[in-house]
Amino acid sequence: MDIVATTGIGPLVVVVLATVTAMLGAIGGLGGAVLLVPALVLLGWSPVDAAPLGMAMVAAGSFAAVPAQARSLTSNLRLGVVLETSASIGAAAGAVASALLAPRVLMMVLGVASIVAALAGGTRTGQRNLPVEGANLAALRDQPGTLASAYVDQRGRVVPYQVRRVRIGMGLGWLAGAIAGMTGTSGGYLKTPIMSEVMHVPVKVAAATTVFMAGVTAAVGLAVYAGQGRVTAAIAPAVLGGLMGGRIGAWLQPHLPAPIVRRALSVVLIVIGIIVMIEA
Amino acid sequence: MTANPLEPGASPSEPSRRRVNAADIVAAAMAVAVMLVWTDVADMAATVLVALTGALIIWPAGFLAVLIRRWGRQHDWRYVGSAVVLLVVAGLSAFGAIYFAQ
């Protein structure tokens, strides 16, 4: 395959990297491309060639994780659709604005935003949304006309939650979309903390909802790459890894306690922030 | 028979009953095709890989269409509207980017 010819690394390495990043993405609510693309660049890929792989991995990871997370009742699809509406408009605006701003400034903003989001989630103690013994899950979740819902924690208890500050969340979602559009990422690592820390959505729900949103964003990005003729067999290992990692992550996430997911997400966000600032 | 996970009232015990989904089938097909391309057994497999990748582009549209149908049945018009707007914005973004790229 041309992967080996151009970079000297085999498809198996790409499969493994994509599996790990897609798994982290499904658990922590990140697209994952922000981890995979720098790793590929470090291994000898050019950023131009690595970008479609990152996008394909995110689309594949989301494709694998979303049905499983919808069945495990973790993702809030209404919230995802509402927030992604403003984020998509922001992403389109950001893509247009990207030509007007210095890439270095954008990357620094992205890095700082990522670290601030990590500190907001990582330094918070306790749990906002507590399980309610004997609560009726069917009556609490997916109520027409509201974003409030419920999910089941790792011990099988029902955890109801409200979605707060929807307008502020949509405004920040637009901003996250704009930053994502300007920097060519899915912006999942900003959307999850917005839902979790600003809108008070449980972190596991925020993460699963972001995975769905990242899939929509990545599919659009992949369509663009397909239109440019950049979707070739060379991206197949990333797709395969994304499918496997998304499935594993979606299986693991319901079994992990929410505070651990939140802290793990903070660590990954700090790593992302440092990577982005070094790139800048 | 497995209950539709998108229907209200689905219980968390249902996932264990359904072990295989579309993503697993695509993953299996991908794995076979990658092996064939990698080992230069079949050039046709490359075409299959690209076609399978196409599935990744269209699945969110299908998923949103299912949500629109479900929320329409519930007369949950605000969210039907959001999903339609999202489909239109995503489609326009992709079309616009491809158009300008060419």
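Start by selecting A:V112, which sits in helix α6 of chain A, a helix covering residues 103–122. This is a predicted model, so treat each stop as a feature of a prediction.

**Stop 1: A:V112**

Is A:V112 buried, exposed or partly exposed? Its relative accessible area is 44%. That value makes A:V112 partly exposed, because the class lies between under 20% for buried and over 50% for exposed.

Now add A:A176 to the selection. Along the chain, A:V112 and A:A176 are 64 residues apart. Draw a distance between their C-alpha atoms: the separation is 13 Å.

**Stop 2: the whole of chain A**

Zoom out and colour chain A by secondary structure. You should find 12 helices and two strands. Where do the strands come in the order of elements? Follow chain A from the N terminus: the run is α-α-α-α-α-α-α-β-β-α-α-α-α-α.

Show the C-alpha trace alone. Along its principal axes, the trace of chain A spans about 60 × 40 × 35 Å. Chain A has a radius of gyration of 18 Å, which agrees with the value near 19 Å for a compact globule of 280 residues.

Next, look at contacts within chain A. Take those between residues at least 6 apart in sequence. Of these contacts, 80% join residues at least 24 apart.

**Stop 3: surface and charges of chain A**

Switch on the surface of chain A. Its accessible area comes to about 9,900 Å². Carbon and sulfur atoms hold 70% of that surface. Buried residues account for 59% of the 280 residues in chain A.

Then pick out the charges. Chain A carries 17 positive and 8 negative charges. The mean positions of the two sets are 9 Å apart.

**Stop 4: A:H200**

Select A:H200. You will find it in the loop of chain A between α9 (188–198) and α10 (203–227). What is the phi of A:H200? It is near 60°, a positive value in a residue other than glycine. A:H200 has a relative accessible area of 18%, so it counts as buried, the cut-off being under 20%.

**Stop 5: B:H75**

Move to chain B and select B:H75. This residue is in the loop between α2 (44–73) and α3 (77–101) of chain B. B:H75 is not a glycine, yet its phi is positive, at about 55°. Is B:H75 buried or exposed? With a relative accessible area of 58%, B:H75 is exposed, because exposed means over 50%.

Methods:
Residues are numbered from 1 along each chain as its sequence is written. Chains are lettered from A and ligands numbered from 1 in the order in which they are written. This is a predicted model: local features need pLDDT of at least 70, side-chain atom pairs count only at pLDDT 80 or more; totals for chains, interfaces and linings use all residues. Side-chain values use heavy atoms; hydrogens and water are left out. Helices (H or I, at least four residues) and strands (E, at least two) are DSSP runs, numbered from the N terminus. The radius of gyration is taken over C-alpha atoms; the globule rule is 2.2 Å times the number of residues to the power 0.38. Buried means under 20% relative accessible area, exposed over 50%, partly exposed in between (1.4 Å probe, protein chains only). Contact means heavy atoms within 4.5 Å. Accessible areas come from the Shrake-Rupley method with a 1.4 Å probe; for residues, only the protein chains shown count as cover. Lys and Arg count as positive and Asp and Glu as negative; His and the chain ends are not counted. The place of a charge is taken as NZ of Lys, CZ of Arg, CG of Asp or CD of Glu.
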